[in-house]
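Me: Could you take me through one part of this protein in some detail? I would like a close look at the biggest pocket, and then a little about what surrounds it.

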Amino acid sequence: MQHLSLNDGNSSSSHSSVNTEVLSRTGYTILSIIMGVFSLAGIILNVLVIVVTVRHRQLRQPLSYALVNLAVCDLGCAVFGGLPTTVTSAMGYFSLGRLGCTLEGFAVAFFGIASLCTTGVISVERYIVVCYPMGAVLFQTRHAVAGVVLSWLWSFVWNTPPLFGWGSYELEGVNISCAPNWYNRDVGNMSYIIMYFLLCFAVPFSIIMVSYLRLLWTLHQVTKLQVSEAGSTNCMEVQVARMIVVMVLAFLVTWLPYAAMALAVILDPSLNINPIIATIPVYLAKSSTVYNPIIYIFMNRQFRGYAVPIVLCGWNPWASDPQTSEDETTVASPNKNQRVSPKESLKE
């Protein structure tokens, strides 16, 4: 893969001449439009999530803390990663220099890994409430806060070393955005990249997959029991299972290609990946800023009941949904250390 290393002395023209060989001017314009749409949509959706949660006390429940934290992480990715990439794509070269590359790479990695860890926290929360044990579970505010704090600390600990010389941030793909340097074969950089991959990709990925697979297995067992006893399947169990499948598929589509590309480069230093192909996983990962609020928030009836009227100026097409009033009653309790049933936890 062609990889451009930034130096302080590099001029804009040198960047431009190198990048012209990687992608045509039209290609950079298309990438700029795509990233601009992702960034704008991500900012609007995640700001909406935060504003609606702040305005409605009923939504500020322990099980929603991680969802709001996910919105904050995705908002950071869209603002500090999506917008700069949109601008540099439009210009056709990375114009922010060495310092800008380091800061942009750190910001995107910091918010991105915090988002990935938060997704892992969400999966663990759902797993605990539904599977351990089956029945009512007391899920307290301190548990939710601990999960949020852990996500930020974990991301901070593993994204700051390149700022102090262990690893580095370099241009990636078609050289319009920066990320951890996957290509440098120095012992110091390789040791950092291997640790980074294992602890920031492999660990969250394993936690998410194990948690959601156990959830699906539990729901499958419950559904089998209901069918054997009543001869029918509870529609809510089917809905929850469908939502979990969507969550897993969205996670795989957005993050697995990037993680797989990084692993391939680590295992085979001589691997030559076309820069255009290498850019696709980068854009898929950044598109999670749009998918996450839609899947984790707007598939939640309680939240949707408050957010949709804001977007549609007071009109709610789901107002007649018989489940809506029941859900709103469920989340209206002011007790922050409430007991949550498995169905209620997954609907959140």
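Reply: Happy to! The lining of the largest pocket is made up of 17 residues, and those nearest its centre are Cys117, Gly120, Val121, Val124 and Leu150. Please keep in mind that this is a predicted model. The volume of this pocket comes to about 310 Å³.

Which helices build the lining? At least two residues each come from α4 (97–131), α5 (141–159) and α6 (187–230). The biggest share belongs to α4, which supplies seven residues of the lining.

Now for the setting. The protein chain contains twelve helices along with four strands. It has 348 residues, and 53% of them count as buried. If you take the contacts between residues at least 6 apart in sequence, 80% of these join residues at least 24 apart.

The outside of the chain is worth a look too. Its accessible surface is about 15400 Å², with 70% of that belonging to carbon and sulfur atoms. One spot to find on your display is a nonpolar surface patch formed by Val79, Phe80 and Leu83, which together have about 240 Å² of accessible area. Leu83 sits in helix α3, which covers residues 62–91. Is Leu83 buried, partly exposed or exposed? Leu83 counts as partly exposed because its relative accessibility is 38%, and that class lies between the 20% limit for buried and the 50% limit for exposed.

How values were computed: Residues are numbered from 1 along each chain as its sequence is written. This is a predicted model: local features need pLDDT of at least 70, side-chain atom pairs count only at pLDDT 80 or more; totals for chains, interfaces and linings use all residues. Side-chain values use heavy atoms; hydrogens and water are left out. Patches are made of residues with over 30% relative accessible area and no salt bridge: like charges are joined within 9 Å, nonpolar side chains (Val, Leu, Ile, Met, Phe, Trp, Tyr) within 5 Å. Accessible areas come from the Shrake-Rupley method with a 1.4 Å probe; for residues, only the protein chains shown count as cover. A salt bridge is a side-chain nitrogen of Lys or Arg within 4 Å of a carboxyl oxygen of Asp or Glu. Buried means under 20% relative accessible area, exposed over 50%, partly exposed in between (1.4 Å probe, protein chains only). Contact means heavy atoms within 4.5 Å. On a 1 Å grid over the protein atoms alone, a cavity is a set of points where a 1.4 Å probe fits but cannot get out, and a pocket is an open set with protein on both sides within 12 Å along at least five of seven lines; lining residues have an atom within 4 Å of a point. Grid points are joined across faces, edges and corners, and a volume is the space filled by probe spheres set on the points.
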